[in-house]
Amino acid sequence: MKKSKYKHYSLNSFFKRVLVLSIIIIPTTLAKSNPSIPPERAIAFKRVKSLDNGVSISWLEQTWSKDILNENAPQIADFILLKKLGFKSIRLPVAFKYFESHNIPIEKVLNIIDGVIKQCHVYGFKLIIDYHYGEIDDDNYGTEAIKVVNTWSLLAKRYIKTNPDDLLFELYNEPPHMDPQKWKDAAYNIVTAIRKIDKQRTLIIGASNFNSIYELSRFVRLADENIIYTFHFYEPFLFTHQGAEWVGAQESTVGVPFPYNAEKFPALNSQSKGTTGEINYYQYIHDGNEQSITDKLTIVKKWGDSYQVPILCGEYGVYNKYADIDSRCRYIKAVRKSLKQLKIPGMLWDYNSAFSIFNGKPSIETLPDCMKDAIDYTGAN
């Protein structure tokens, strides 16, 4: 299995519990004072609904691949399989900055994206193009935002005639742990630049701290009406990222079951001592269950309702190297159930990489029975 880059965030568990309670009891006064929804925002609501039950195909962000443009590229059989499994949308993360720094012509990358757009049209998938692995931070957000703007300006012009119901732009994957206002300023500049070219495209934006649900709950929406607000959900992190090498010592404890089971709960790996992983370890008795998942997702649901804006769970899933298959199935089923209850569209991470739901190369035969149940696949499609 290839080592993959990924997120490495985790928050103090006590803070999270307090925030869950405080968000849940905040009255939605903004929604009550503004019952009407502008037409542009109504369009965004319609489009986010069409994304529900989506999946990321991440090969264009796998910068560790020897041949990133071709290795793990989806074939026609993959689109047919995803259609059969009932997925409605595809998220395409693209490491634009990496391609630029490695002197890979942007036209070559865009030609490949053109091919994905064509296949999505053939098989009826909605598509999100996602700007992955940018380098914006507190110190360079002004200059780096300009580089992001340049890329999006190019894409906006290229796809101006592509049906905006079928193609959406996710402006920046997982802004880091940075000043939220600085990130908002950068996001505003990116949105403004795209709107000079394309006024109809629905844009997708998340909050800082790696699309954190907690940061989004404090985010003040942008003035643009045609925006979907996204978050990534990997709670509890102790379970979903157990043993993930790129995260470091905090997630070195493996064999963590879902839900919490005292008899099967492993001993704390000594490498995790003194890290947030130790805090999360002792908190797991409270966090490792379906109700905790629902409570945390309710945080962003309340925020979206308060502003009357559409929200999207842009990523959820489990690193599959150390988590046992039954626990992974139970977790994915629990997240999907909670998302459905809260009417939040969700997109699985991901199709054929380290978070894949398959046991091997994607196919019906390599999809475990418990995972078929988790994703509601009945064989009817």
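What share of the 381 residues in the protein is buried? Buried residues make up 56% of them. Keep in mind as you look around that this is a predicted model.

Let's begin with the whole chain. The protein has 15 helices and 8 strands. Its radius of gyration is 20 Å, close to the 21 Å that the globule rule gives for 381 residues, so the protein is as compact as a globular protein of that length. If you draw a box along the principal axes, the C-alpha atoms fill roughly 60 × 50 × 45 Å.

Now think about who touches whom. Take the contacts with a separation of 6 or more: 78% of them are accounted for by residues 24 or more positions apart. On the outside, the accessible surface comes to about 16,300 Å², and carbon and sulfur atoms hold 54% of that.

Next, let's walk along one helix, H13, which covers residues 290-307. Just at its N-terminal end sits a cap: a side-chain oxygen of Asn289 lies 3.1 Å from the backbone nitrogen of Gln291. At 1.5 Å a residue, the 18 residues of H13 should span 26 Å, and the end C-alpha atoms are 26 Å apart, which agrees.

Follow the helix to Thr298 and you will find the centre of a kink of about 25°. Thr298 is also one of the buried residues of H13. Others on that list include Leu297 and Ile299, along with Lys296, Trp303 and Gly304. Finally, just after H13, look for Gln308, which takes a positive phi of about 55°.

Terms used
Residues numbered from 1 in each chain as written. Predicted model: local features only at pLDDT ≥ 70, side-chain atom pairs only at ≥ 80, totals over all residues. Heavy atoms only, no water. Helix = DSSP H or I, 4+ residues; strand = E, 2+ residues; numbered from the N terminus. Expected span 1.5 Å × (residues − 1). Bend = angle between axes of the 7 residues up to and from the residue. Buried < 20%, exposed > 50% of the residue type's maximum accessible area, 1.4 Å probe, protein only. Polar contact = N/O pair within 3.5 Å; in protein donor to acceptor, adjacent residues only side chain to side chain. Rg over C-alpha atoms; globule rule 2.2 N^0.38 Å. Contact = heavy atoms within 4.5 Å. Areas by Shrake-Rupley, 256 points an atom, 1.4 Å probe, with all protein chains shown as cover.
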